[in-house]
Amino acid sequence: MALVHITIDNQKLEIEEGTTILEAAQKAGIKIPTLCAMPELGFKPGSCRVCMVEVEGLPNLAASCVYPVREGIVIHTHSERTRQARKVVLELLLTDHPLDCMTCEKNGDCTLQDLAYELGVKESRFGRGEKKLPLDESNPFIVRDLSKCVLCGRCVEMCNEIQQTYALNVGYRGSKTKIIADGDSDLRYSECVSCGQCIAVCPVGALIDKNAQGKGRTWEFSRVKTTCNYCGCGCNFDFNVKEGKVVKVTSNPQSVVNGINLCVKGRFGYDYIHREDRLATPLIKKKGKFEEASWEEAYQLISDKFTQIKRESGSDSLAVLSSAKCTNEENYLLMKFSRAILGTNNVDHCARLCHSSTVAGLAQAFGSGAMTNSIKEIAEASAIYLTGSNTTENHPIIALEIKKAVTKKGAKLIVADPREIELVKYATLWLRQRPGTDVALFNGLMNVIITEGLEDKEFIAQRTEGYEEFKNTVLRYTPEVVEKITGVPAEDIKKAARIYATAPTTSLIYSMGITQHTTGTDNVLCTANIAMLTGNVGKENTGVNPLRGQSNVQGACDLGALPNFYSGYQKVTDTSVKDKFSKAWGVDLSDQEGLTVVEILNAAYEGKIRGLFIMAENPAMSDPDLNHAREALKRTEFLVVSDIFMSETAELADVVLPGVTVAEKDGTITNTERRVQRVRKTIEPLADSKPEWQIICELAQKMGYKMNYNHPGEIMEEIAQLTPIYGGIHYNRLDDGGLQWPCPDAHHPGTKYLHKDKFSRGKGKFFAVEYKEAAELPDEEYPFIFTTGRVLYHFHTGTITRRSKGLNEIYPEPLVEINPQDAEELKVKEGELVEVASRRGKIRAKVQVTEKSGKGVVFMSFHFREAAANLLTNAALDPVSKIPEYKVCAVKVQKIA
Amino acid sequence: MTVKEIVKRYGNKRENLLQILHDLQNQSPQKYLNKKDLEILSEEMKIPLSDIVGTASFYSMFSFTPRGKYLIRICESPPCHLLGAPAIFKVIESKLGIKEGETTPDGLFTLEGTSCLGICGVAPAMMINEEAYGNLTEEKISQILDQIREKESKR
């Protein structure tokens with residue numbers, strides 16, 4: 001666009017034609033007050049009339065948020081005339097705005113108050129109206145005081161255009177105009193998903209964080225920017241702290257991943273930090289009961305026991321489970337502890353249960369197993385193939401990018417999912433495959449692409465190998481054959497294939513619906529196959545994008561909390577790697593691959609693992625076939641658990657160590673797009689708890705190994721030296737949005753997307769993958785397919801979200817989702833109690849009758865200890881990655897009379 | 001007609017929303033938009049409920065609360081005002097025992113004001129449902145209301 005010359009408050013400026021006066025002023029460092037406009041979010045309604053400015057030659061004042069600059073324009077933003085105009089607007093607003101700033105939560109952070117102060121408005125010349133609308137306190141997180149609303153429309157914009165929940169709108173008219181939720185109901189009973197985006201943009205006190213009320217004013221808080229510790233999105237926000245307590249979370253617009261966007265868990269789910277039932281001191285179990293102990297006692301006992309077991313039964317009778325909830329530094333230290341001190345590669349963590357098949361599959365096909373693109377690239381894709389990911393509930397902020405791609409940028413969305421997830425509403429095409437038939441579906445799509453000649457021949461020839469064998473396999477999966485296996489109509493398969501292959505960029509996004517199968521690795525190989533077949537990888541905006549579940553599950557894998565890799569996916573079986581680490585750590589190391597999570601528990605069950613250290617994980621809820629897993633933990637001779645609460649796993653431990661929350665420690669975590677970001681210590685560790693990195697160091701010292709760091713930053717220096725992909729990660733480089741690996745040296749800017757020009761393994765490799773049935777299929781006795789997942793309001797085993805008051809209020813109990821037809825046949829109604837049983841266990845919970853579940857498919861989340869879904873799931877493992885089949889097993893459902 | 005049928009009649013397009021809302025209200029025995037219908041409409045047209053209600057509530061001719069079988073609308077335009085509309089209000093209010101915006105307990109009458117009915121020649125005027133009445137006097141109003149009552153009592 002052409003540049004034009006403008007004069008704004010006597011400053012001469014050269015700026016792009018068409019820029020609004022408001023934005024031009026911002027660039028000139030001039031602040032024009034606004035109530036409604038949010039130019040950074042593209043919201044410029046021109047309705048509040050506070051941003052009026054004087055443009056020379058115009059008879060009237062112009063609303064600067066919508067008025068574009070042109071050559072030679074002369075603007076006055078703070079002339080007497082504009083002041084008078086703003087005053088009138090303000091006085092009109094103040095006619096019915098409560099003047100209760102003394103007790104208003106927004107005091108000190110209120111645009112209306114700031115304006116009144118700046119313009120010296122004490123009272124309104126128009127008198128006082130009597131607008132008094134009832135307070136809406138129905139939502140557990142959000143208070144709506146519509147008497148204070150200035151009708152700027154920001155919350156409506158947020159809710160409809162960015163969050164796309166469509167709970168809020170403007171209702172009625174004239175003096176009766178107000179913001180309504182749904183059909184003018186209380187917020188709690190509307191479509192509202194409690195993301196609180198509306199609070200983040202409200203300029204006045206009409207929308208307030210309920211749980212922070214009365215706990216401090218804006219000027220009393222110190223703010224610490226940190227990274228959210230729920231899912232793998234890696235959102236940044238500010239903890240607001242007063243007198244050593246985290247009072248609330250507020251958006252930080254500088255966040256690279258999320259901007260001001262946050263979901264309900266990120267914004268409101270941190271009240272667990274100051275819960276009274278936080279573990280406060282080390283506990284040692286004596287005669288079946290926990291007794292408080294000093295750190296010294298605990299360390300001594302652990303050291304003695306581990307040393308004794310190692311002496312008696314060898315290093316491999318010990319094992320360690322690391323944590324995707326802890327920092328990179330802690331994961332590095334714990335795997336170092338396992339390998340250098342215990343002497344075993346038996347170290348793993350819950351990534352085994354969610355994305356080990358991604359790591360295994362993509363490593364084989366591409367050479368590295370991570371999201372190939374960045375989150376911000378999703379909105380730029382011309383088509384999105386989403387499969388096995390209920391993104392709206394599990395990665396809410398990434399779902400916003402998908403919605404943006406579809407509704408704002410015209411992308412086509414194909415959803416392949418057995419459940420009618422929310423994003424189906426945005427889909428051009430929805431393929432509802434029978435659970436466990438993903439390989440067949442992918443092969444069917446690729447069959448169409450090849451037979452119709454839509455493949456990217458140049459890409460295949462130049463950048464891949466193994467094509468011919470793969471092609472021969474795929475050619476047998478005609479759409480008609482695949483329709484019989486998957487239940488997806490052949491016509492839809494053809495349509496989807498054409499979209500996938502012909503869109504300029506098709507981003508494939510998947511999650512646990514693909515990975516958690518006995519064919520998990522096969523499924524992942526298919527995602528790589530289709531991306532290479534269509535040339536949709538190694539480029540901007542298109543690739544293969546697995547969404548990682550936990551906040552630091554990517555980092556825990558990167559840092560080598562895996563039985564076969566050191567940090568940076570360096571193989572334990574590789575002698576030169578072993579020698580490098582051996583030299584750096586000053587000890588001999590094992591070159592035998594260790595055991596995976598489920599294998600460790602199986603070995604414990606058989607008495608082969610005698611000692612187990614679990615850092616902040618909860619296998620007694622998260623592992624498949626829980627009766628077996630819990631028995632294995634009980635049989636473990638010496639079990640140490642560090643956590644912040646008495647989890648189901650900690651209850652079974654011999655020693656429990658009190659760790660800290662993300663607010664109480666420094667470190668880094670790596671999100672799903674490989675972005676290494678800082679978490680920052682906001683408050684001191686509560687009671688006698690300690691950060692896990694410190695616990696590991698102190699325990700190591702007790703066991704006679706020198707492990708001493710003053711700060712996690714020093715641990716990262718060591719990581720950078722030993723880990724090529726983290727080679728350039730240093731704390732002083734992370735303050736401004738973090739860095740995406742691979743980042744090999746201190747000058748490397750990080751990598752936005754992977755496999756540009758060359759795959760990590762050289763050429764991309766096609767794998768011929770045949771369809772195999774799931775390990776357990778429905779039969780006469782167990783006629784339903786049981787599949788598991790998460791819901792928006794809870795996280796994983798519920799250890800923290802079940803302790804968040806509001807989250808638990810919104811979603812208090814486990815629900816069994818059943819298709820209406822099945823419900824009718826079973827003669828159960830919504831809310832009635834049923835028993836769900838598999839060959840391994842049974843649970844009771846209430847029924848939710850919903851079209852979300854297909855006929856014959858029963859869904860449950862695994863958050864609830866009172867009806868733990870994993871009592872039912874099947875521990876059958878994928879042969880390559882050892883991931884269990886959480887997504888398919890057979891159950892029966894009975895109404896409880 | 002069901003909500004689905006009405007939507008089908010006009011076509012599932014956003015620009016038909018107002019007409020569909022009118023039909024929905026008109027066919028309702030209590031002459032209002034009830035929540036259940038609006039929820040179904042939202043589902044059918046894939047328009048968020050907040051959007052439908054936001055739109056409908058802007059227009060004064062839509063009601064979200066049940067109204068009487070007979071909707072009395074007294075013209076509030078200047079000619080009618082000058083020729084006694086305020087008195088007409090008073091007469092009806094006292095006869096029916098309700099105020100503007102209210103409905104009689106038997107669910108028969110609702111009283112509302114309206115902007116110009118376009119029949120200023122016979123001011124003061126009112127409409128009851130689709131029927132217009134002019135040159136109103138206390139007597140005439142009594143007659144009209146009595147007739148309706150009589151008709152209803154025979155049902």
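**Exercise 1. The interface of chain A and chain B**

Task: For this predicted model, find how much area is buried between chain A and chain B, and describe the side of chain A that takes part.

Solution:
- Step 1. Start with the area. Chain A and chain B bury about 900 Å² between them. Carbon and sulfur atoms give 61% of that area.
- Step 2. Look at the make-up of chain A's side. It divides into 6 nonpolar, 3 polar and 3 charged residues.
- Step 3. Find the main contributor. Strand E7 (residues 168-171) of chain A gives the most to this side, with 4 residues.
- Step 4. Count the residues in contact. Chain A brings 12 residues and chain B brings 9.
- Step 5. Check the pairs. There are 0 salt bridges between chain A and chain B. The interface does hold 3 residue pairs in polar contact, both residues at pLDDT 80 or more.

**Exercise 2. A helix of chain B**

Task: Decide whether helix H4 (residues 49-58) of chain B is largely enclosed or open, and name what covers its buried residues.

Solution:
- Step 1. Apply the cut-off. A residue is buried when its relative accessible area is under 20%.
- Step 2. Count. In H4(B), 8 of the 10 residues are buried, so the helix is largely enclosed by the rest of the structure.
- Step 3. Name them. The buried residues are Leu49(B), Ser50(B), Asp51(B), Ile52(B), Val53(B), Gly54(B), Ala56(B) and Ser57(B).
- Step 4. Look for the cover. From chain A, it includes E7 and strand E8 (178-181). From chain B, it includes helix H2 (17-27) and helix H3 (35-45).
- Step 5. Place the helix in its chain. The domain assignment of chain B gives domain 1 (3-58) and domain 2 (70-153). The C-alpha centres of these two domains of chain B lie 28 Å apart.

**Exercise 3. Two domains of chain A**

Task: Describe how domain 4 and domain 5 of chain A meet.

Solution:
- Step 1. Set the bounds. In chain A, domain 4 covers 372-546 and domain 5 covers 784-895.
- Step 2. Note the spacing. The C-alpha centres of domain 4 and domain 5 of chain A are 26 Å apart. The contact takes 20 residues from domain 4 of chain A and 23 from domain 5 of chain A.
- Step 3. Take the area. These two domains of chain A bury about 1900 Å² between them, 52% of it on carbon and sulfur atoms. On the domain 4 side, Arg419(A), Gln516(A) and Thr518(A) lose the most area to domain 5. Together they make up 36% of what that side buries.
- Step 4. Count the pairs. The interface of domain 4 and domain 5 of chain A holds 2 salt bridges. Lys852(A) forms a salt bridge with Glu393(A), with the closest N and O atoms 3.4 Å apart. There are also 13 residue pairs in polar contact across the interface of domain 4 and domain 5 of chain A, both residues at pLDDT 80 or more.
- Step 5. Find the helices. Helix H12 (391-394), helix H19 (512-515) and helix H20 (520-533) of chain A each supply at least two residues of the domain 4 side.
- Step 6. Sort by class. The side of domain 4 that touches domain 5 has 4 nonpolar, 11 polar and 5 charged residues.

**Exercise 4. Salt bridges in sequence and space**

Task: Work out which parts are tied together by the pair Glu312(A) and Arg610(A) and by the pair Lys855(A) and Glu825(A). Then place the pair Lys36(B) and Glu39(B).

Solution:
- Step 1. Recall the principle. Side chains of opposite charge can pair when their charged atoms come close. Over all chains, the count is 64 salt bridges.
- Step 2. Take the pair Glu312(A) and Arg610(A), at 2.9 Å from N to O. Glu312(A) lies in helix H7 (residues 295-313) of chain A, and Arg610(A) in the loop between helix H23 (597-605) and strand E25 (611-615) of chain A, so the pair ties together parts 298 residues apart in sequence. Glu312(A) is partly exposed, at 47% relative accessible area. Arg610(A) is buried, at 14%.
- Step 3. Take Lys855(A) and Glu825(A), at 3.5 Å from N to O. Lys855(A) sits in the loop between strand E35 (842-849) and strand E36 (857-861) of chain A, and Glu825(A) in helix H29 (residues 820-826) of chain A, so this pair ties together parts 30 residues apart in sequence. Lys855(A) is partly exposed, at 45%. Glu825(A) is exposed, at 55%.
- Step 4. Turn to chain B. Lys36(B) and Glu39(B) meet in a salt bridge at 3.8 Å. Both lie in helix H3 of chain B, 3 residues apart, about one turn of the helix.

Definitions and conventions:
Residues are numbered from 1 along each chain as its sequence is written. Chains are lettered from A and ligands numbered from 1 in the order in which they are written. This is a predicted model: local features need pLDDT of at least 70, side-chain atom pairs count only at pLDDT 80 or more; totals for chains, interfaces and linings use all residues. Side-chain values use heavy atoms; hydrogens and water are left out. Contact means heavy atoms within 4.5 Å. Buried area is the accessible area (1.4 Å probe) that two parts lose on being put together, summed over both. A salt bridge is a side-chain nitrogen of Lys or Arg within 4 Å of a carboxyl oxygen of Asp or Glu. A polar contact is a pair of N or O atoms within 3.5 Å; within protein, one must be able to donate a hydrogen and the other to accept it, and residues adjacent in sequence count only if both atoms are side-chain atoms. Ala, Val, Leu, Ile, Met, Phe, Trp, Tyr, Cys and Pro count as nonpolar, Asp, Glu, Lys and Arg as charged, and the others, Gly among them, as polar. Buried means under 20% relative accessible area, exposed over 50%, partly exposed in between (1.4 Å probe, protein chains only). Domain bounds come from an automatic or database domain assignment.
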